[in-house]
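The following paragraphs lead a new reader through a structure, one part at a time. Please keep the sequence and the three-dimensional view at hand while reading.

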Amino acid sequence: MIKAILIFNNHGKPRLIRFYQYFAEDMQQQIIRETFHLVSKRDDNVCNFLEGEVFHPIFSLIGGSDYKLIYRHYATLYFVFCVDSSESELGILDLIQVFVETLDKCFENVCELDLIFHMDKVHYILQEVVMGGMVLETNMNEIVAQVELQNRMEKSEGGLSAAPARAVSAVKNMNLPEIPRNINIGDINIKVPSLSPF
Amino acid sequence: MLLQRKDIRTVKHPVWLPAVTSEVLTVEERTGIGEWNYRAAEGKTMSPESDAAWKRRRSERGTDTIMTPSVRLQEMIRVIRSARTQCEERGIIQRECADIRAQFRQGDNGERSHSLAKLLYVHMLGYPAHFGQMECVRLIASTRYSEKRIGYLGAMMLLDEKQDASLLITNSIKNDLSHSSQFVQSLALCTLACMGSAEMCRDLAPEIERLLRASNSYIKKKATLCAVHIIRKVPELGELFTPSARSLLCEKNHGVLHGAIVLITELCERNPDTLGQFRKAVPELVQIMKGLVTSSYSPEHNVAGISDPFLQVRILRLLRILGHKNDTASDAMNDLLAQVATNTDSSKTAGSAVLYETVLTIMDINSESGLRVLAVNILGRFLLNNDRNIRYISMTSLQKIVQTDHNAVQRHRGTIVDCLKDQDSSVKRRALELSLALVSAVNIRSMMKELLIFLSTCPPELRSHTASGIFNAAERYSPSKRWHIDTILHVLTTAGGDVRDETVPNLIQLITTASELHCYTVHKLYRALVKDISQQSLVQVACWCIGEYGDMLLKGECEEITPVQVTEDDVLDALKTVLQSHMSSPATRGFALTATMKLSTRITENVDRIRSIVSIYGSCIDLELQQRAVEYNALFKKYDHMRAAVLERMPVMDKNSPGHTNGDTFAETIKEPDLPKSAEEGFPSEPASQVYDLLGLLGATDTPLQPSPAPICTPPTSTSSADILDLLGELELTSVPKSTVTVYEKNGVSLKLQCDKQTETDVTVTLIASNSSQSDITNFTLQAAVPKSVQLQMKAPSGNVIPAQGLGEVTQTVLLNNPNKVSLKMRVRMSYSNQGTMFQDTVQIDSFPSTAWNCQPSISPL
């Protein structure tokens with residue numbers, strides 16, 4: 001079983017945390033810190049498994065030496081899976097790869113900032129890969145398709161109630177210097193009323 | 001397929017420029033995590049990207065059309081990231097949290113889901129977020145998908161199954177499980193599988209069972225995993241799912257099939273009856289597996305040229321359980337395993353994963369011998385692989401089969417030992433475990449050499465484990481005692497700080513039994529002590545030996561080792577250094593003080609110096625040390641006549657006394673040594689028992705527990721000083737002789753013996769000494785020794801002075817307990833002084849006739 005999935009960057013700043021066993025908040029943070037400490041001091045050319053040192057706090061936190069950290073380091077990010085002995089080590093290694101590639105497909109050339117600003121979306125993608133600490137789906141196309149369907153559903157439902165908020169944010173997010181380039185007369189006609197308050 | 005690209009770890013990362021944003025933690029460039037390698041190949045230098053630039057890039061590309069941006073969340077993240085200091089960040093988050101709370105209080109205004117998303121981000125950063133729990137419950141009950149979605153996510157992140165709030169969502173989950181939208185159903189399933197408590201699971205199990213038979217494979221695969229969670233929580237619900245699990249095997253969808261295999265594995269592991277039932281499904285599983293192996297390329301499931309390795313691995317694991325100790329099932333899968341083992345391409349991780357599972361399955365079931373050879377060969381090939389992951393995996397699996405196929409693993413010993421020198425600590429750890437398992441009587445010398453080298457270079461976290469592994473191996477296979485002692489001493493000198501507590505008594509025990517090596521050992525230890533006094537355990541053993549065998553050290557003759565010429569002052573200096581060193585632990589000081597004291601009977605000139613050293617510690621701040629010093633002082637002053645006897649050399653210790661294990665379990669070391677026994681055997685108590693001893697001392701007046709130890713057995717390193725006090729304190733006449741047999745007659749001193757059998761095993765022996773000479777006999781002491789299996793307890797003697805001309809006598813009662821009913825033998829040594837001359841004599845009483853009363857012992861003088 002997968003106990004926890006942690007993503008943090010090269011400085012130990014968490015980018016995604018998902019525990020499949022309950023830990024209090026401070027404990028979670030401690031686990032992240034300890035994991036980062038263990039993983040970050042390893043060279044890039046060593047193996048991707050880190051085993052329990054019986055006395056190391058992280059393994060006693062998570063539940064003994066039966067646990068392993070399996071991780072991959074991509075550019076600025078560490079993807080760490082904490083698993084027990086019932087998981088295949090190499091399998092999890094492949095799973096991390098599948099997850100990252102799925103992220104890459106969903107975000108089109110994913111980078112750390114995507115993970116930061118779309119934290120909720122990353123969680124939704126992860127939910128289609130791992131469920132309750134067990135591997136759910138490894139077929140990337142299937143994962144991407146389901147996530148897209150869900151996002152579409154959320155969007156369509158936004159409907160009228162969400163429209164004003166979307167309009168405001170659209171304006172706010174507009175990159176003013178670029179507007180002239182993209183301008184299009186039809187657009188202006190439509191958007192003028194909503195711009196008037198500014 | 002991206003996986004077919006070169007592995008990420010072999011690719012050099014692009015050159016980073018330093019971060020411009022103030023957040024210390026930002027180098028988050030826009031480097032795609034997924035496209036690491038061709039970027040590097042193009043040699044592009046990544047310029048750091050500001051948040052705004054990233055945003056622009058994203059909107060240009062239109063990614064956000066797929067990923068609907070949650071604008072409020074992103075705004076907050078941007079603000080938090082703009083914080084220049086930790087303190088500023090905290091301030092911002094406090095403000096944001098206040099806003100979020102306010103939003104929650106306002107109730108439904110369409111903003112709630114955004115607020116919860118913000119809260120989850122704050123939670124990830126480690127700030128308290130429990131106040132959002134109720135909001136999750138409310139959002140889950142909402143009718144809108146977007147709110148439900150974030151609500152369920154929040155529940156999984158913030159709620160604990162033990163909390164009341166989680167009970168509140170049971171009903172929502174139940175409703176959502178029958179929702180018309182598969183995505184709402186899926187949210188409920190996901191949440192249940194993640195945090196469903198036993199109670200929830202019981203309530204919802206029938207719903208899940210219903211969903212297992214759904215037509216929608218998306219729901220079905222989630223339901224299977226949910227069922228697994230339910231069985232883990234409530235094992236007796238397993239039967240409910242067994243029939244549907246069986247029928248799921250006909251499924252074509254890989255996701256569902258994968259879930260079904262996990263479910264069946266779980267069921268089989270929990271219930272042997274179910275296991276038997278599913279053995280019948282082996283042919284089906286073999287068929288599925290065959291389909292995967294022989295199937296033509298399908299882009300859907302292909303990973304690095306292997307068709308769905310995840311599913312293959314799961315099936316192989318299930319086969320392992322089904323075929324374990326079952327011939328029929330094993331026969332059914334033999335061919336398949338052979339096929340997988342020979343045809344799988346192991347050049348990529350995915351292939352290796354499958355091969356590795358195949359090997360483990362082959363080794364675990366009743367497979368053909370040819371197949372087993374093939375399996376071990378595959379592992380051997382893995383071991384030579386350049387990829388450390390594969391090497392690590394192969395050692396993990398060799399570890400699993402080392403018990404059953406020892407010789408097969410032994411063939412790879414050289415490679416494994418080489419892995420000890422690997423720079424990767426995970427590989428090292430595996431190699432260490434395996435090397436320890438491979439030590440045997442044949443290769444002990446060469447293996448130990450490697451292990452000792454490893455010990456001196458290994459990372460600190462492995463040192464303790466290595467040391468205890470070496471001790472265990474040495475104990476099992478040591479070719480000679482000297483080698484054994486040398487090995488342990490070597491470990492103590494290299495890693496003395498990392499050995500377990502029981503190492504010291506174990507080594508001391510070993511040294512006492514190797515009587516021919518006493519001289520060698522004491523010389524060696526003295527040298528080690530002079531060189532280094534920082535390794536506590538080594539210093540303790542050294543002190544103990546110097547105390548015990550100080551006379552041999554001073555004699556300066558030794559055959560086994562070039563003796564060092566040391567003077568009494570040298571030895572005392574060394575001990576004093578230990579006593580005064582700030583590096584010494586209280587226990588070590590105790591050892592040193594006792595050793596100093598013991599030397600007082602083994603040296604001739606410097607007794608006064610010892611006296612002064614001991615008296616200094618009479619006011620030591622450490623209670624234990626002070627107590628010892630005070631007692632030793634008393635021994636010098638009040639009981640000087642007994643000093644020689646009290647400080648006698650230790651008898652050989654019994655291996656089976658408590659605490660004498662190299663113990664892998666901690667329970668054993670924590671266990672308090674049984675005091676009466678340890679006192680009798682003079683087992684040097686560990687610091688852990690100090691308190692116990694002190695308590696014993698304080699309670700000695702009213703506990704019958706406290707034995708009066710034989711003077712011969714006074715623990716030399718004893719922390720159980722209580723015994724000494726007892727010994728000195730209870731000077732009273734304990735018994736009156738009835739009939740006597742004379743066993744010794746010399747210099748006017750005669751010793752009579754009377755034995756009295758009380759039960760089958762207990763014998764009371766009374767020794768009565770009288771003096772017919774013209775002068776008083778002073779400093780009279782008796783010591784007794786019996787065979788190992790007999791327990792001996794000496795009561796306090798009635799005195800130590802025998803008046804002249806038969807005007808009085810000294811009696812001493814000895815209780816013998818002979819549980820094994822061996823033939824009794826006893827040696828009695830007496831020492832006394834007559835007009836200033838010391839005499840010492842030993843007699844041996846060879847047989848106590850079985851007719852107990854007034855027995856006539858046969859005596860042989862020594």
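In this predicted model, Asn48(A) is found in the loop that runs between helix H1 (25-40) and strand E3 (49-51) of chain A. With a relative accessible area of 1%, Asn48(A) falls under the 20% limit and therefore counts as buried. A polar atom of its side chain lies 2.9 Å from the backbone oxygen of Tyr71(A).

Chain A as a whole supplies the setting for this residue. Chain A contains eight helices and seven strands. Of its 198 residues, 62% are buried. Among the contacts in chain A with a separation of 6 or more, 51% are between residues 24 or more positions apart.

One helix of this chain deserves a closer look. Helix H3 (residues 89-107) of chain A has 19 residues, which at 1.5 Å a residue should span 27 Å; the C-alpha atoms at its ends are 27 Å apart, so the expected and computed spans agree. Because 18 of the 19 residues of H3(A) are buried, this helix is largely enclosed by the rest of the structure. After H3(A) comes Glu108(A), with a positive phi near 50 degrees.

The backbone of chain A offers further cases of this kind. Most residues other than glycine have a negative phi. Asn109(A), although not a glycine, has a positive phi of about 60 degrees. Asn109(A) is placed in the loop between H3 and helix H4 (112-117) of chain A, and because its relative accessibility is 11%, it counts as buried. Ala75(A) is not a glycine either, yet its phi is positive, at about 40 degrees. The loop that holds Ala75(A) connects strand E4 (68-74) and strand E5 (77-83) of chain A. Since its relative accessible area is 6%, Ala75(A) is buried.

From these individual positions the reader may turn to the nonpolar interior. The largest nonpolar core has 289 residues, of which Ile2(A), Phe79(A), Tyr121(B) and Ile208(B) touch the most other members. Helix H29 (residues 536-555) of chain B gives the most to this core, contributing 12 residues. Leaving aside residues up to four places away in sequence, the residues that Ile2(A) touches include Tyr20(A), Phe81(A), Val83(A), Leu95(A) and Val135(A). There is also a second, separate core of 28 residues, and Val743(B), Tyr744(B), Phe780(B) and Ala784(B) are among them.

In chain B, helix H17 (residues 327-343) can be followed from its beginning. Asn326(B) caps the N-terminal end of H17(B), with a side-chain oxygen 3.1 Å from the backbone nitrogen of Thr328(B). The 17 residues of this helix should span 24 Å at 1.5 Å a residue, and its end C-alpha atoms are 24 Å apart, so the two values agree. At Met333(B), H17(B) bends by about 40 degrees. Met333(B) is also one of the buried residues of this helix, which include Ala329(B), Leu336(B), Leu337(B) and Val340(B). The buried residues of H17(B) pack against several helices of chain B, namely H14 (272-279), H15 (282-294), H16 (309-323), H18 (349-364) and H19 (369-383).

Another helix of chain B, H26 (residues 481-495), contains Arg482(B). Is Arg482(B) buried or partly exposed? Its relative accessibility is 29%, so Arg482(B) counts as partly exposed. Although 35 residues separate Arg482(B) and Leu517(B) in sequence, their C-alpha atoms are 7.1 Å apart in space.

The remaining stops are strands of chain B. Strand E9 (residues 826-834) is mostly covered, with seven of its nine residues buried. Strand E6 (residues 777-785) pairs with E9(B) in the antiparallel sense over seven bridges. Within E9(B), Arg827(B) is the bridge partner of Ala785(B).

The side chains of a regular strand alternate between the two faces of the sheet. In strand E7 (residues 791-794) of chain B, Leu792(B) and Met794(B) form a covered face, whereas Gln791(B) and Gln793(B) form an uncovered one. E7(B) and strand E8 (residues 809-817) of chain B run antiparallel and are joined by four bridges. Opposite Gln791(B) in E8(B) stands Asn817(B).

Key
Residues numbered from 1 in each chain as written. Chains lettered and ligands numbered in written order. Predicted model: local features only at pLDDT ≥ 70, side-chain atom pairs only at ≥ 80, totals over all residues. Heavy atoms only, no water. Core = buried A, V, L, I, M, F, W, Y, C linked by side-chain atoms within 4.5 Å. Buried < 20%, exposed > 50% of the residue type's maximum accessible area, 1.4 Å probe, protein only. Helix = DSSP H or I, 4+ residues; strand = E, 2+ residues; numbered from the N terminus. Contact = heavy atoms within 4.5 Å. Expected span 1.5 Å × (residues − 1). Bend = angle between axes of the 7 residues up to and from the residue. Polar contact = N/O pair within 3.5 Å; in protein donor to acceptor, adjacent residues only side chain to side chain. Pairing = 2+ DSSP bridges.
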